[in-house]
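Reader: I would like a close look at one part of this model, the packing of chain A, and then an account of how that part relates to the rest. Please keep it plain.

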Amino acid sequence: MKTYDAIIIGAGHNGLTNAAYLARAGLDVLVVEKNEYIGGAAVSRELHDGFTYSNCSYVCSMMRQAIHRDLNLTKHGLVLVPYLGTVTFGNDGDKMISYATEEAEYNQLRARNPHDADAMFRFQTDLSRYAQLIRKTLLRTPPDPTSMKPRDIKEMMFLGKEFWALGEQEIYEYIRFFTMSASEFLDDYFEDDLIKAAMAGPGIIGTALGVKSPGSAYILLHHVMGDVDGNIGAWGLARGGMGAISKAIASALEEAGGAIRTDAGVEKILVKNGTAVGVRLDSGEELKAKIVVTNLDAKRTFTKVMDKEDLPPGIYEKAKNFKIRGSSGKVNIALSGMPKFTGIPDNRYINRGGQTFLGSIDTMEKAYDCWKRGRWSDDPFVETVIPSAWDPTVAPPGQHWMSCFVQYCPAELADGPWTPEKRDAFGATVINRIEREAPGFKDLILHAEIRTPHEIEAEVGLTEGNIFQGELTIDQLLFNRPFPGYAQYRMPIKNMYMSGSSTHPGGGVSSACGANSAREILRDLGRKNTVPEDDFYDE
Amino acid sequence: MTDPFAGERLKLSHFHERQAALNLRNAWSSWNGYQFAEYYFDAEFEYFCVRNGCGTYDICPMQKYYISGPDAEAMLDRMVTRDVKKLKNNRVTYVCWCTDEGRIVDDGTIFKLGNDKYMLTCGSPSLAWLKQSSFGYKDVVIEDMSDKIAALSFQGPTTCEVLKRLNLEAIETLKPFGIMHFPFKDGTLMVSRTGFTGDLGYELWIEPHLAIEFWDALYAAGDDFGIQPYGESATNMARLEAGFIMPDMEFNEALKTIHYQFDQTPFELDLGWLVDFKKPHFNGRRALLTERDKGPDYTLVKLDIEGNKPAEESYIYSNKSCTKHIGYVTSAMWSPVVKANIALAMIETKYLDGELWAEIYYEKELRQSSKVARCTLKKKPFWAPARARATPPHPY
């Protein structure tokens, strides 16, 4: 029976990235994927004739340029296109347009609130400063602060140096920032509630926290630290959908001699004498490997596809208590035409960007209260994008599809398990919210895919449908991700590694987790490092 | 009231009315006396329209000459370095023409519109050179059509689809460098599969009185395909990715060059393939033969440069310590689509086999810094999608 050099469990974008780097280093690698298609949560599927949804993740700004460039993903078909403009809908018809250029944006904000228009400069500057520090860590393995190994000490010194370089005042601010709520953080800058709410939106996306919960300020940062070609905070679409990212990485992997097997779910990671030796597939087939890399989240890995007996004491419990609560849903809608939003000018730049339906800070907090009580809010936070307005390849000409990200949606309902009826009622709530701002919206709907945490977990495998593979709170970041002591991609079992977003630097379609993990594997094999370590080049 | 500044003002393009309405930033520059958009909204956005959807670029200011008569072919063949006799009806060819010393006067395209009828297009006014080149040929008429033809460069992956929606029959069968004619209102639309972006694209030629009507028809057809006007900045990005040269960037027009040999030969610009020594005498032939045999002192090359700082106006060195200066960058940018730091550079040919280092100066919040980055030679254009050459074009 063949023994692979490495088997990677899960063909999400990080697993594929990991495999591509191992294959390029000459390893014989196989990626096994439970679904009949690849991509994990960076996936695009045609569920209605002519419409290609990005079924889970829908925009991209974290993708590491260094990896895109190094794996030559453009040659493998990947083109990332930035999109412009956002419209924010408040309560009672209040709305705000965000323009893509600084001058237009300033004029718009000034008309609404001159104080906030000025404060926006300081806000963006501060966020960029914080983001810059985090960005420097993205393609680096977190140091173990308890280790005396020269490498860990050196890395701690690097972090310390970067941190001290912020200056005295900013160090205080930075520490506050990590434990603040998005709402408190924004109170330092803005007066206008809708501006605050608009800026707070990224602080709750994908997280079981409210705008007023401590820790949500960091989530906000995590969402704005990406960039498209150096424009920090800009967002892009992958031409052909988010699945194009996975497909391009898969193509790079295959070019390097790696293989992918779909319809090959892993039932168990095989462990012998404390060493990972392969996997057993759902079909019962066993595959041997010198290295096993899990791209599944930490909770699923240790509680679902491993035997508790195979794990050192305490790991199972750590995994069971890993914070990976489901809090969001997704509705993908095929439309016969472009929705018309009341009071929004027919302007090609703002009509073709994104929309955020958020009400106010209070509306968002109330939606969180509903989540805590095991139900979804009648007035949810919805972030939408119409990718077809930018990408001619994802819908028939003149028709469109709309991606709706919904916060919050509980993984478990107070009134019993999810049913198809409840799922559809959740979808109707989202559609009603949009209809409020775009009368006639419902008449445009040709097809809708409604995904609650239940569907996302069942299909993609993310525990509770958590988009980040584990929440991005300080107790689960950097050297604490996924667990203290296991942040360097090596798992408690010998020859077993983790490559997914449960590891540093966390969620987002960045390829960083998979790349960092590959670097550590090559290091253990005594191979030369071929994984980029630097993506910030003197920002 | 008469405008006392009337004579100072720039000419307006045949498409001005529509373009001005979309020029939200009032970002105008000029080209050959025409008011001309540097960008309309955002240069990078417009660049992405060309790479992702489609865009129009105003080429009304480009110079266009009809050269006709029984001697037209012989005259052009004598003037340019390529063999014009090989050019078939309804085909276009890229050419350059040189002084007797083999230095490039300009580059451009020749359209063969019929027997004894050609159109030459180029960036700079060339009437004087054409007249001079026709000396001794009896039956050749040169007509400056620059202001008499309205034209748009229409570029990007969805262009063929948009043209199909204008009911241009069999447009998908048009091959690169081919020409087709279609009736439009009371006139004729000429479509050539040409452009300056390295992508799928066409150039659209129409009588000036139909310009606005045609614009409206094109924009109506293109609405679902991301149509957008783009300006000089986006063009410059796209052409650099395609590896195309620009006057005043890669070459200094010979007739405008003061210093001895500060202009360029086709071989220096890596355009040796444009020079056809199999044909009889042409302007600059003898000098170019010598140049071919000894090899050019400098060669224009494509560079992939480490890091992400554009190597604008950088010097190129043969060593990391930057003691041996061997060339200079002519154009540089971060390529958003390729995700690479790309440049064109003129480098002393004899050093091309060795190491290449660029000394890059850049600014971070006013503070000046520099870095030395390793350069890798690239043979092929940075961006050359298969759809640009395929007939029928691949689905967008």
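Author: What follows starts with chain A as a whole, goes on to single places within it, and then turns to chain B.

The model is predicted. Chain A holds 16 helices and 20 strands. Its radius of gyration is 22 Å, close to the 24 Å that the globule rule gives for 539 residues, so chain A is as compact as a globular protein of that length. Along the principal axes, the C-alpha atoms of chain A fill a box of roughly 65 × 55 × 50 Å. Of the 539 residues in chain A, 56% are buried. The contacts reach far along the sequence: among those between residues at least 6 apart in chain A, 73% join residues at least 24 apart.

The nonpolar core comes next. In soluble globular proteins, nonpolar side chains tend to be buried together. Here the largest nonpolar core has 281 residues, and A:I7 and A:I245 touch the most other members. For A:I245, once neighbours within four places in sequence are left aside, the contacts are A:H13, A:A42, A:C60, A:M63, A:L78, A:A238 and A:V509.

A second place to look at is A:S517, which sits in helix α16 of chain A. A:S517 counts as buried because it has 31 C-beta neighbours inside 10 Å, where 20 or more are needed. Leaving aside neighbours within four places in sequence, A:S517 is in contact with A:N18, A:V293, A:Y489, A:Y497, A:M498, A:S499 and A:T503. The C-alpha atom of A:S517 is also separated by 7.6 Å from that of A:Q488, although the two residues are 29 apart along the chain.

The loop that leads into α16 of chain A, between β20 (496-498) and α16 (512-524), contains A:P505. The peptide bond that joins A:H504 and A:P505 is cis, with omega about 5 degrees. Another cis peptide bond runs from A:Q407 to A:Y408, and its omega is near 15 degrees. A:Y408 belongs to the loop between β18 (400-407) and α14 (420-437) of chain A.

One helix pair in chain A can be described in detail. Helix α3 (residues 102-112) and helix α4 (residues 114-135) of chain A pack at an angle of about 145 degrees, and their axes are 5 Å apart. On the α3(A) side the contact is made by A:Y106, A:L109 and A:R110, and on the α4(A) side by A:P114, A:D116, A:A117 and A:M120. By class, the residues of this contact divide into five nonpolar, no polar and two charged.

Chain A also meets chain B: 21 residues of chain A are in contact with 23 residues of chain B. On the chain A side, the elements that give two or more residues are α2 (65-70) and β5 (80-82). The most comes from α2(A), with three residues. This side of chain A has nine nonpolar, seven polar and five charged residues.

Chain B is divided into domain 1 (9-62 + 148-242), domain 2 (63-144) and domain 3 (297-396). The C-alpha centres of domain 1 and domain 3 of chain B lie 29 Å apart. Their contact takes 18 residues from domain 1 of chain B and 20 residues from domain 3 of chain B. In domain 1 of chain B, the elements that give two or more residues to this contact are α2 (43-52), α5 (159-165) and α7 of chain B. The largest share, four residues, comes from α7(B). By class, the domain 1 side has eight nonpolar, three polar and seven charged residues.

Helix α3 (residues 72-79) of chain B is largely enclosed by the rest of the structure, because seven of its eight residues are buried. These are B:A72, B:E73, B:M75, B:L76, B:D77, B:R78 and B:M79. They pack against β4 (63-68), β5 (91-98), β6 (104-114), β7 (117-122) and α4 (127-133) of chain B.

Two exposed loop residues of chain B complete the account. B:N26, in the loop between α1 (16-22) and β1 (28-31) of chain B, is not a glycine but has a positive phi of about 50 degrees. With 9 C-beta neighbours inside 10 Å, B:N26 counts as exposed. B:D248, in the loop between α7 (232-242) and α8 (285-294) of chain B, also has a positive phi, near 70 degrees. B:D248 counts as exposed with 11 C-beta neighbours inside 10 Å.

Notes: Residues are numbered from 1 along each chain as its sequence is written. Chains are lettered from A and ligands numbered from 1 in the order in which they are written. This is a predicted model: local features need pLDDT of at least 70, side-chain atom pairs count only at pLDDT 80 or more; totals for chains, interfaces and linings use all residues. A residue is buried if 20 or more other C-beta atoms lie within 10 Å of its own, exposed if 12 or fewer, and partly exposed in between; C-beta atoms are placed from the backbone. The radius of gyration is taken over C-alpha atoms; the globule rule is 2.2 Å times the number of residues to the power 0.38. Two residues are in contact if their C-beta atoms, placed from the backbone, lie within 7 Å. Ala, Val, Leu, Ile, Met, Phe, Trp, Tyr, Cys and Pro count as nonpolar, Asp, Glu, Lys and Arg as charged, and the others, Gly among them, as polar. Axes are lines fitted to C-alpha atoms, for helices over the stretch in contact, and angles run from 0 to 180 degrees between N-to-C directions. A nonpolar core is a set of buried Ala, Val, Leu, Ile, Met, Phe, Trp, Tyr and Cys residues joined through C-beta atoms within 7 Å. Domain bounds come from an automatic or database domain assignment.
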